[in-house]
Each structure stands twice: as structure tokens, then as C-alpha cells.
Amino acid sequence: MILIDQDEVRARLTYELCIPIVAEAMKALSAGDTRQLLRGIIPLAQGRMFGVMPGAMGEHEAFGAKLISVFPENFAKGIQSHQGVVVLFDPDTGAVSCVAHAGEVTAIRTAAASAVATDALARPEATRLAILGYGEQAETHLKAIRHVRPIEAVTVWGRSAERAKRFAEHMSAETGLSVRAAPDARSAIEGADIICTVTSAAEPVLFGDWIAPGTHINLVGSSHAGPTEVDHDLVVRSRFIVDSRASVLAAGAEFLKAKAAGLIDDDHIVGEIGEVLLGRVVGRRTPEEITVYKSLGHIVQDLASVRALMPAR
């Protein structure tokens, strides 16, 4: 059995490696080649959660599960909010073949998935990125999106102006990009071609009437039914693409609340990102269209990422 710790995941699971892996995993999911159950989440005290995500890459392929806890307050302690393991099983013997650090895999593959969607849905000439949130996913999203669009400038906003400023200074120094902290969410997204929402907000921080034609938005922060990062108007106005139709119908908070309000029905989900990549569904149709990618994250992304770190058989 191989153990892959956080440092090794960070060093080896590069975006150059992970982005195409996640793209293939999402195509396989939409094609019905993989197997996965809806994630199980057990609510804990103080907004904490414990989740179990089982799945298989195919009938005769590697299978496994992610066991993960989410402790939002960890960010203030300087440690990852997501803690746990991805366990990979050998398809020939059923034995555990690998245990990998789930927090680091999650951080990288989630941003890689947004990069895949951005590449498929954002306008080719998009160069300005806005990030709502300044946590770990803000950093990974900035780095991942750079791999699919020639980003020239980044703005960031979060509830703590001081933390947003520190994030901007750190990422400017690390990437060489112009990263600026904005005083509020509306000014942060002004002029942006691509927006990533990676907050822990319980109520909307981004509103439809703020969004300029042609913008692409990755909705990432809310991963279960309940907290919403955007309002009904943005959901209604957008061409709404998801990572998994079944998962969003069960746990996509922004979609479900707009549906409960009677503003949309299930047909508002245009398709899955895997269907777009397979050419079965058209993503962006016009330069003026507003596109949204709703990300919940899937075990097939984790399994495919960890499998890529295993020695060749």
C-alpha cells in the first residue's frame, strides 16, 4: 500500500497534469462509464461536516472513496478546512493500493475542474479574473485558471478587508500578476470576464444585475443544499451548466432555491460539463451569453487524480 502525503500531492499533482485528468473524468462520468453514489454528509456541531464519497472508475477499474471532514474554522488556524483521505482499491485483488491526503487532492482537483469549465465556457479573449473569497480555493483557482486563459489582472474580495489585502499581496508576489483587493464584491467583479465564487457565505454575495454580458462564473463555495453564493436572478439569467445533473438536483443550493421559488424547472440545467466536452451539448452560444458552471465535486475526480500519482503497473 502506498501512502501519499500532503507535500507529495502538492508537488506532483500539478495543474498541467490535473486539468486534463479531470476533463477526462468528467467526460467518463457523463458518458456513464464511471460509477458513483451521491455524497453522504453528516452535519456536525458549529457548521462542521463529515462526508463520504464512494465511486469507481469503471466496472473493471480502480474504485475507492473519500472520507473527509470540513471544519471551516481551520482557515483561521492556518490549516486546511478539508481533512481526510482518498482510499484507492486495486481492481484485481480488492486490496487497498493507495491512501492519499484528501485535503490537498480536493484543493487542486476542484480548481482544475473550474479550469476545465472555464476553458469550455469562457470567451477565448477573457483576461480579467475576479475571485470572491480569499481562502485556499481562491489561491488554487487563481493558479488553475491561468492555465486556460491569459489572465492579466485579478481582483479579490472577502469579508475581511485585511485578509483580502494580504491575499492580494501574497499572490501578486508569487504569480507576478496584478492582484488587487476590492472594497466590496460589486467593485471586485466590475470588468471581470471570469468570476469564481469560493466563499463560505450562507446568503448571496453575487447578484444577477451586476453581471455584464459575456461573463463566465464558476460557482464553487456551496457544496450542499443550504448555503447560496448567488441570487435567483443570476441563476435564471445564465446558461446553467453543472458537473453532475443528479448531484445538482439533490444538493445544488442556488439551483434548488430558484426552483423552489418557481422561477425555473429542471430543464434549466442545460447539461453537464462532460456533455459539453463530449460535444453532446453546446456550451457558450454567443459572446454575450452569461454562462455558469455549478461545481459540487465528485469522487471520480479524486480517484482519477490519485491514480495518476500511482506507479505504472
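Before I turn to the helices, one convention is needed: a crossing is called right-handed if the near helix is turned clockwise from the far one by less than a right angle, and left-handed if that turn is anticlockwise. With that in hand, and keeping in mind that what we have here is a predicted model, I can say that the crossing of α4 and α5 is right-handed.

Let me stay with that pair for a moment. Helix α4 covers residues 102-121 and helix α5 covers residues 136-145, and their axes come within 8 Å while crossing at roughly 45°. The two helices are therefore oblique to each other. On the α4 side the contact is made by Glu104, Thr106, Ala107, Thr110, Ala111, Ala112, Ser114, Ala115 and Thr118, and on the α5 side by Glu136, Gln137, Thr140, His141, Ala144 and Ile145. Sorted by class, this contact has six nonpolar, seven polar and two charged residues.

Helix α5 also meets helix α6, residues 161-175, where the axes come within 12 Å and cross at roughly 30°, again in a right-handed crossing. Here α5 contributes Ala138, Glu139, Leu142 and Lys143, while α6 contributes Phe167, His170, Met171, Glu174 and Thr175. The residues of this contact divide into four nonpolar, two polar and three charged.

The next pair joins parts of the chain that are numbered far apart, namely helix α2, residues 15-31, and helix α12, residues 299-309, whose axes come within 9 Å and cross at roughly 135°. That angle makes α2 oblique to α12, and α2 passes α12 in a right-handed crossing. The contact is built from Leu17, Cys18, Ile21, Val22, Ala25, Met26 and Leu29 of α2, together with Val300, Gln301, Ala304, Ser305, Ala308 and Leu309 of α12. By class, eleven of these residues are nonpolar, two are polar and none is charged.

Finally, a word on internal space. How many cavities of 30 Å³ or more does a search of the whole structure find? The search finds one, and about 30 Å³ of space lies in the largest cavity. The residues that line this cavity are Arg128, Leu129, Ala153, Thr155, Ala188, Glu190, Gly191 and Ala192. Two elements, β8 (128-132) and β9 (153-157), give two or more residues to that lining. Taken by class, the lining divides into four nonpolar, two polar and two charged residues.

Technical notes: Residues numbered from 1 in each chain as written. Predicted model: local features only at pLDDT ≥ 70, side-chain atom pairs only at ≥ 80, totals over all residues. Heavy atoms only, no water. Axes fitted to C-alpha atoms, helices over the stretch in contact; angles between N-to-C directions. Helix = DSSP H or I, 4+ residues; strand = E, 2+ residues; numbered from the N terminus. Parallel < 35°, antiparallel > 145°, perpendicular 65-115°, else oblique. Contact = heavy atoms within 4.5 Å. Nonpolar A, V, L, I, M, F, W, Y, C, P; charged D, E, K, R; others polar. 1 Å grid on protein atoms, 1.4 Å probe; cavity = no way out; pocket = protein on both sides within 12 Å on 5 of 7 lines; lining within 4 Å. Points joined across faces, edges and corners; volume = space filled by probe spheres on them.
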